[in-house]
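New to this one? Take a slow look around first, and then read on for a short guided tour.

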Amino acid sequence: MHDVEAIRVYPRALIDHSALRHNLAVVRRHAPVSRVWAVIKANGYGHGMVQIGSSLQSADGLAVARVEEALRLRRAGICAPILVLEGFLLGHELAAACEHRLELALHEPGQVSLLEQTALARPLRVWIKVDTGMHRLGFDPREVQAVLERLAGNPRVDGLPGLMTHLANADDTRDGLAQLQCERLRALDPAARYSLSIGNSAGILAFPASRMHWVRPGIMLYGASPLAGKTAAELGLRPVMSLQTRLVAVRFLRRGEAIGYGGTYVCPEDMKVGVAAVGYGDGYPRHAPTGTPVLIKGKRVPLVGRVSMDMISIDLRAVPDAAMGDPVTLWGQDLPVDEIAERAGTISYELLCHITARVRKVHMHAAEPQTLATPA
Ligand SMILES: Cc1ncc(COP(=O)(O)O)c(C=O)c1O
């Protein structure tokens, strides 16, 4: 149960941990024989990395981008296996990874050299990241055999390395690259000796060939859709974050009056307009245009004019009884973050990650009220 202040505070991001666990079960249904690295980098996609990591103890491990993120999890007492997707850059990160039993991706010859030169207290588990077509990080497939041979003689490496790759276009199910990337990785292990890891959320849902020994879901755990043209609800996913605030003012404006910075919205008639306490200073996207929906009293109503740092204006003509203090949902249940992202010309990942420190996160672990109570 959370404190009374957290129930009253606004804006707030309600984090529904039962939805998180539900979404992990969806991953398991799609990839029943794979083990799961739950990807919780970038502060758990904005949801709170430590709380999300603690809730996902039934995943087989947690994946973050950087050593520092992994160390934060360890400092918080999380002892699950952790994979660092970017591996390490500096010697002290390697030593810390060793001390804290982190698994490291190796994508660069310099990392292999550092691993050969650094004395370690115990051997480390490593994953070779292969560039099968994304051309961001990773060894060219033609280099992989030589890297494997180099690592085979290295006492700092614990057992056989894993082989991993990242899909570039799996969100577009008509694109042939994902299938090709899966085939390129599998071709590196004809004798089936190594652990392979391919699928991200889109791969898990749309490309069976990517469901190898380990999958690495991120966005689907948080209840957003990784696939173009499919909603999260259609995929059986539940939103984890609800971003909520309140109306701090209700105004009556006259026909012809312009609203907000730049006066980009001009009232077409005398109308009731609300002002809600949320803006780009909270992580709400500044580029959300007039017409982007918010939810008030269960109804979708459009924001009007420009998003400012602390506030947005809302056309209240469809909710004539809306009053100061009423709750406003910016995304969450019945208003998918994917839809808001599309309106703002971005992706759900960015909106979720961009929630700022000013927004109080309220972590809900059981069935508790989902909406802000109307103030007494
Ligand atoms: C290497 C790697 N694996 C897995 C993921 C998870 O991807 P998604 O959130 O699309 O499931 C990411 C996210 O960017 C990643 O960089």
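What follows walks through a ligand site, a couple of helices, and a few residues with backbone or contact details worth a look.

One thing to keep in mind throughout: this is a predicted model.

**The ligand and its neighbours**

Start with the ligand, which has 14 residues around it; K41, Y45, S201, I219 and Y349 come nearest. Some polar partners can be picked out by distance, and the table lists them.

| Protein partner | Ligand atom | Distance |
|---|---|---|
| K41, side-chain N or O atom | oxygen | 2.8 Å |
| R216, side-chain N or O atom | nitrogen | 2.9 Å |
| G218, backbone N or O atom | oxygen | 2.8 Å |

How much of the ligand does the protein bury? On its own the ligand exposes 390 Å², and the protein buries 91% of that.

Y45 deserves a second look. Besides being among the residues that come nearest to the ligand, Y45 sits in helix α3. Its phi is positive, about 50°, even though Y45 is not a glycine. Most residues other than glycine have a negative phi. Is Y45 buried or exposed? With a relative accessibility of 8%, Y45 counts as buried, because the cut-off for that is under 20%.

**Two helices and what covers them**

Helix α2 runs over residues 17-30, so to speak a stretch of 14 residues, and reaches 20 Å from its first C-alpha to its last, close to the 20 Å expected. Its buried residues are H17, A19, L20, N23, L24, V26 and V27. Look down the axis of α2 and these buried residues fall within an arc of 160°, so they line one face of the helix. Among the elements covering them are strands β1 (12-16), β2 (35-39), β9 (214-215) and β18 (360-364), along with helices α4 (49-55) and α10 (201-206).

Now move to helix α5, residues 67-75, where V67, E69, A70, L71, L73 and R74 are buried. The cover over these residues includes helices α3 (41-45), α4 and α6 (91-99), plus strands β3 (61-64), β4 (82-84) and β5 (102-106). So α4 turns up in the cover of α2 and in that of α5. After α5 comes G77, with a positive phi near 90°.

**Backbone oddities**

Which residues does a cis peptide bond join? Those are Y10 and P11, with omega at about -10°. P11 lies in the loop between α1 (4-8) and β1. For context, most peptide bonds are trans.

R101 is another non-glycine residue with a positive phi, this one about 55°. You'll find R101 in the loop between α6 and β5, and at 47% relative accessibility R101 counts as partly exposed.

**Two residues and their contacts**

T329 belongs to strand β17, residues 327-331. With a relative accessible area of 13%, T329 is buried. Leaving out residues up to four places away in sequence, T329 touches L243, Q244, V294, L295 and L335.

M309 is found in a loop, the one between β15 (299-304) and β16 (312-315). Its relative accessibility is 43%, which counts as partly exposed. Setting aside residues up to four places away in sequence, M309 touches G279, Y280, G281, D282 and R358. And how far is M309 from G283, C-alpha to C-alpha? These atoms are separated by 9.0 Å, with the two residues 26 apart along the chain.

Definitions and conventions
Residues are numbered from 1 along each chain as its sequence is written. This is a predicted model: local features need pLDDT of at least 70, side-chain atom pairs count only at pLDDT 80 or more; totals for chains, interfaces and linings use all residues. Side-chain values use heavy atoms; hydrogens and water are left out. Helices (H or I, at least four residues) and strands (E, at least two) are DSSP runs, numbered from the N terminus. The expected span of a helix is 1.5 Å times one less than its number of residues. Buried means under 20% relative accessible area, exposed over 50%, partly exposed in between (1.4 Å probe, protein chains only). The arc is that of the directions from the helix axis to the C-beta atoms. Contact means heavy atoms within 4.5 Å. A residue is near a molecule or strand if one of its heavy atoms lies within 4 Å of it. A polar contact is a pair of N or O atoms within 3.5 Å; within protein, one must be able to donate a hydrogen and the other to accept it, and residues adjacent in sequence count only if both atoms are side-chain atoms. Accessible areas come from the Shrake-Rupley method with a 1.4 Å probe; for residues, only the protein chains shown count as cover.
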